[in-house]
Amino acid sequence: MQTHYLSEDNSILNHFLGQIRNVNVQHDSMRFRRNIERIGEVMAYELSKDLHYKNVEIQTPLGIKKTTEIADQLVLCSILRAGLPLHLGFLNYFDSAENGFVSAYRHHPYHDDYFDILVEYQAVPNIENKTLLLIDPMLATGQSIVAVFNKLMEKGIPKEIHIAVIIAAPEGIAYLEKHLPDSCHLWVATLDEKLNEKKYIVPGLGDAGDLAYGNKL
Ligand SMILES: O=P(O)(O)OC[C@H]1O[C@H](OP(=O)(O)OP(=O)(O)O)[C@H](O)[C@@H]1O
Ligand SMILES: O=c1cc[nH]c(=O)[nH]1
Ligand SMILES: [Mg+2]
């Protein structure tokens, strides 16, 4: 797996990342969602440098300009709920992409310390031979992404696969390296220290889904 880290240079990306982490700012849920969306826009721009392009000629009012356009057929697929605002950011830039949505949640069948991932809802277009962007803001254990990835592969084999996350724990990256094909690209906006005993990312930001959409039962 080829992993790309996006926040190593100074840029406006770090400003948005600071706001989604900051306990004095992140509880403004409209700003939180908008910042996640803005991060999606920055990530889409960075990822676009790695796509394939075709030559085109554009007719302007005064002449013809030779330029390039994205040649790939993109499918954006995000994991509910927290993937929604990040998905929107990617879609703002990749506006002709097809879109898929898959649910995944941590299910605690016995006690708080054990969970498995349930993938129930799927609304996904044909991904065969296309460029799949799998989108989720948080890569903690990596189990949600791998569970969703395995479900998606039942539907077809994409030509290329990019996974885009905002905050990643080293444990999650190691899990993806073990369970996903080597050809996958992983795009990480920022790398954190570790997971805590509840498998939350430290320092992380807390629960991305709750911050975006409120607490759930
Ligand atoms: O790497 P993992 O250990 O699988 O954890 C990461 C998952 O946790 C979050 O979703 P969550 O389960 O909180 O659902 P939500 O978006 O509905 O809040 C996040 O958006 C990922 O999908
Ligand atoms: O730190 C974490 C881990 C899983 N899900 C989140 O939203 N945050
Ligand atoms: Mg959550």
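Which backbone atom of isoleucine 201 lies 2.8 Å from an oxygen atom of ligand 2, and of what kind is it? I began my notes with this contact, and found that the atom of isoleucine 201 is a backbone N or O atom. I keep in mind throughout that the model is predicted.

**Entry 1, ligand 2.** I then looked for other contacts of this kind, and noted that a backbone N or O atom of alanine 208 also lies 2.8 Å from an oxygen atom of ligand 2. On glycine 206 I found a polar backbone atom that is 2.8 Å from a nitrogen atom of ligand 2. On its own ligand 2 has 240 Å² of accessible area, and the protein covers 89% of this. I listed the residues around ligand 2 as Arg106, Met138, Ala140, Lys199, Tyr200, Ile201, Gly206, Asp207 and Ala208. Sorting this shell by class, I counted five nonpolar residues, one polar residue and three charged ones.

**Entry 2, ligand 1.** Turning to ligand 1, I saw that 15 residues surround it, and that the closest are Arg106, Asp136, Thr141, Gly142 and Ser144. The shell of ligand 1 holds five nonpolar, five polar and five charged residues, and I noted that E10 and H4 each supply at least two residues to it. For the contacts, I wrote down a polar side-chain atom of serine 144 at 2.5 Å from an oxygen atom of ligand 1. I added an N or O atom in the side chain of arginine 81, which is 2.8 Å from an oxygen atom of ligand 1, and a polar backbone atom of alanine 140, for which the distance to an oxygen atom of ligand 1 is 2.9 Å. Taken alone, ligand 1 exposes 500 Å², of which the protein buries 92%.

**Entry 3, the pockets.** Where does ligand 2 sit? I found ligand 2 in the largest pocket, and the space taken by ligand 1 is the largest pocket as well. This pocket holds about 830 Å³ of space, and among its 32 lining residues Arg106, Ser144, Tyr200, Asp207 and Lys216 lie nearest its centre. I recorded that strand E4 (74-80), strand E6 (105-107), strand E10 (138-139), helix H4 (143-153) and helix H6 (208-213) each give at least two residues to the lining, with H4 supplying the largest share, three residues. By class, the lining of the largest pocket has 13 nonpolar, nine polar and 10 charged residues.

For the second largest pocket I noted about 170 Å³ of space, and a lining that includes Ile70, Tyr93, Phe94 and Glu98. Its lining divides into five nonpolar, two polar and three charged residues.

**Entry 4, the backbone.** I next checked the backbone, and came back to arginine 81, which is joined to leucine 80 by a cis peptide bond with omega of about -5°. Arginine 81 is found in the loop between E4 and helix H3 (83-93). Another cis peptide bond joins valine 202 and proline 203, with omega of about 0°, and I placed proline 203 in the loop between strand E14 (201-202) and H6.

Lysine 199, which I had listed around ligand 2, has a positive phi of about 65° although it is not a glycine, and it lies in the loop between strand E13 (194-195) and E14. Asparagine 129, also not a glycine, has a positive phi of about 65°, and I located asparagine 129 in the loop between strand E8 (122-123) and strand E9 (131-135).

Technical notes: Residues numbered from 1 in each chain as written. Chains lettered and ligands numbered in written order. Predicted model: local features only at pLDDT ≥ 70, side-chain atom pairs only at ≥ 80, totals over all residues. Heavy atoms only, no water. Near = heavy atom within 4 Å. Polar contact = N/O pair within 3.5 Å; in protein donor to acceptor, adjacent residues only side chain to side chain. Areas by Shrake-Rupley, 256 points an atom, 1.4 Å probe, with all protein chains shown as cover. 1 Å grid on protein atoms, 1.4 Å probe; cavity = no way out; pocket = protein on both sides within 12 Å on 5 of 7 lines; lining within 4 Å. Sits in = over half its atoms within 2 Å of the grid points. Nonpolar A, V, L, I, M, F, W, Y, C, P; charged D, E, K, R; others polar. Points joined across faces, edges and corners; volume = space filled by probe spheres on them. Helix = DSSP H or I, 4+ residues; strand = E, 2+ residues; numbered from the N terminus.
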